Structures are given as C-alpha cells and as structure tokens.
Amino acid sequence: MDTLISAASQMGLPVVVVGPQMEQENNVFTDYGAGSVLGLRYLLGKGHKRILCLNSPAGYGTAEIRKKAVAEFCEHQGLLEGTVTLVSPQSNSGEGGRAAVKSVWDSNGPFDAVIANDIMGLGALRFFYERHISVPDDVSVLSFDDSFLCSYASPALTAVDLNRELSGRLAADMMLRMVSEESHGEKTVISVPLGIVPRESVKDRRTVR
C-alpha cells in the first residue's frame, strides 16, 4: 500500500489515506492506541480487576501501536502486574479470538473482562457459551470497532466506536476539496474522535457502599 500511495503522490494525483496515521499525506486517521486505552479506562472505571486485551495478530500494522499504548497506560497508571494481559491471536477471525481466550483462560485462570475487535469478540462469546460462562455476569466483553455485528450479538456488545462513517465523510470532503483546487496546498491530517457505545455485555462491578 505504501508503494501505491507514494507512486500516486509522485504522479501528482490527489491522495487521502484513511485508517493508519501518515502525516506525509492527506490523512483521516484512527488512533488505535487511544482506542485501546479508552476501552481499558472504561472497564477499569466499571471496577474490573483482570482484563484480557486481544491485540491485532503479529505482523499487523496496528499491533505495535496498541502494544505500546497499552504498556504506557499501564505504567503511567501504576497498574499491578496481571491487571491487563495483552496477547496477539493467531488470526483476525472468530476462531482466532475463541482460541486466544481459551488459551489464556485455561493457563492463567479466569479474568473478569475481555477487549477484542468485533469479529474476535464474537469468538470470545462463543468460548464463553461453550463453557457455560455468563456474559456479563461472570465476564464482560468490550468490542473494538462497533460494526453492525455488535448490536446483533447475544448479549449485544458494548463497543469502542471508531467512527468509520465519519472517517468516510471527512475523507470524501477532503478529496472533493483537493480535486476542485489547482494546488493541493499543505497536507491535512484529521484525527477521528472515538467514543464508547454502551450495550449489554459489560457489567458494573464496583461495590456499592
């Protein structure tokens, strides 16, 4: 992809990159590290003590971004070892998520929350269903992306909303401005705001006093 983007830029074609951060190009980007931290803050704020965070599979461009962001967050917050466990599944799929959750659950004892992208989150739900583990009573599941799959899961998945639709609109507006001008001018970089969409899969575990 980098080669294609570079070739288009050298030819003078208007380019807008959507997704990864690329400050050298016009860019509408999603801060995946900030999204992971937002999810962790939400779960910790709900009283969760042991959180399994499924990273992107090794080799994905977002894997190192998320790993660094999670490590820095845990250090800055002074979280105890074992509060957050970050693992990379073998594949970005439902089975990849199911297998990763099974492996950590069986080897490292139960945890009270899981963060995963939508498709791996569905795999986590499958594992819990097979083991008769209740979501969210026994373990919460927080999804990362908020695709249409989240609201159709059972229970419906609370999610970090990456605002894909907004990214598309911003990128389209940026491209239209570029093609309507003779000079493309300075590069524009926009960070898309993220948020939490609460549904049924996360339980508030704080003790009411």
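This is a short tour of a predicted model, going from its sheets to its cores and its largest pocket.

**Stop 1: the six-stranded sheet**

Start by colouring the strands β4, β3, β5, β6, β7 and β9. In that order they make an open sheet with mixed pairing. Look at the two ends of the row: β4 (84-87) and β9 (195-197) each have a single partner strand, so one side of each is left without a neighbour in the sheet. On average, neighbouring strands here are turned by 20° against each other, direction ignored.

Now zoom in on the β9 end. Select residues 158-161, which are strand β7. β7 and β9 pair in the antiparallel sense, over three bridges. To see one residue pair, show aspartate 161 together with its bridge partner in β9, glycine 195.

**Stop 2: the three-stranded sheet**

Next, select β1, β2 and β8. These three strands form an open sheet in the order β1-β2-β8, and the pairing is parallel. The edge strands are β1 (16-19) and β8 (189-191), each pairing on one side only. Neighbouring strands of this sheet are turned by 10° against each other on average, again ignoring direction.

Keep your eye on β2, residues 26-29. Four bridges join β2 to β1, while three bridges link β2 with β8. Which residues sit across from valine 28? On the β8 side, isoleucine 190 stands opposite valine 28; on the β1 side, valine 18 has valine 28 as its bridge partner. One step back along β2, asparagine 27 is partnered by valine 189 of β8.

Turn on the side chains of β2. In a regular strand, side chains alternate between the two faces of the sheet. Here Asn26 and Val28 point one way, Asn27 and Phe29 point the other way, and all of them are buried.

Then bring in helix α7, residues 164-179. The helix lies across β1, β2 and β8, and runs at about 170° to β2.

**Stop 3: the nonpolar cores**

Time to look inside. In soluble globular proteins, nonpolar side chains tend to be buried together. The largest nonpolar core has 22 residues, and the members touching the most other members are Leu52, Leu54, Val101, Phe111, Val114, Phe128 and Val139. Show those as spheres, then add the elements that each supply at least two residues of this core: β3 (51-54), α4 (94-108), β5 (113-117) and α5 (118-130). Of these, α5 gives the most, with five residues.

Centre the view on phenylalanine 111. What does this side of the core look like from there? Leaving out residues up to four places away in sequence, phenylalanine 111 touches Arg50, Leu52, Val101, Val104, Trp105, Phe128, Asp138 and Val139.

There is also a second, separate core of 18 residues; for a quick look, select Ile51, Cys53, Cys74 and Val202, which are among its members.

**Stop 4: the largest pocket**

Finish by switching on a surface. The largest pocket holds about 330 Å³ of space. Which of its 20 lining residues are closest to the centre? Select Tyr32, Ser56, Tyr60, Thr62 and Arg66.

To see where the lining comes from, colour β1, α3 (61-77), α5 and β6 (140-145), each of which supplies at least two residues. The largest share, four residues, comes from α3. Two of these elements you have met in other roles: α5 also contributes to the largest nonpolar core, and β1 is an edge strand of the three-stranded sheet.

Definitions and conventions: Residues are numbered from 1 along each chain as its sequence is written. This is a predicted model: local features need pLDDT of at least 70, side-chain atom pairs count only at pLDDT 80 or more; totals for chains, interfaces and linings use all residues. Side-chain values use heavy atoms; hydrogens and water are left out. A nonpolar core is a set of buried Ala, Val, Leu, Ile, Met, Phe, Trp, Tyr and Cys residues joined through side-chain atoms within 4.5 Å. Buried means under 20% relative accessible area, exposed over 50%, partly exposed in between (1.4 Å probe, protein chains only). Contact means heavy atoms within 4.5 Å. Two strands pair if DSSP finds at least two bridges between them. Axes are lines fitted to C-alpha atoms, for helices over the stretch in contact, and angles run from 0 to 180 degrees between N-to-C directions. On a 1 Å grid over the protein atoms alone, a cavity is a set of points where a 1.4 Å probe fits but cannot get out, and a pocket is an open set with protein on both sides within 12 Å along at least five of seven lines; lining residues have an atom within 4 Å of a point. Grid points are joined across faces, edges and corners, and a volume is the space filled by probe spheres set on the points.
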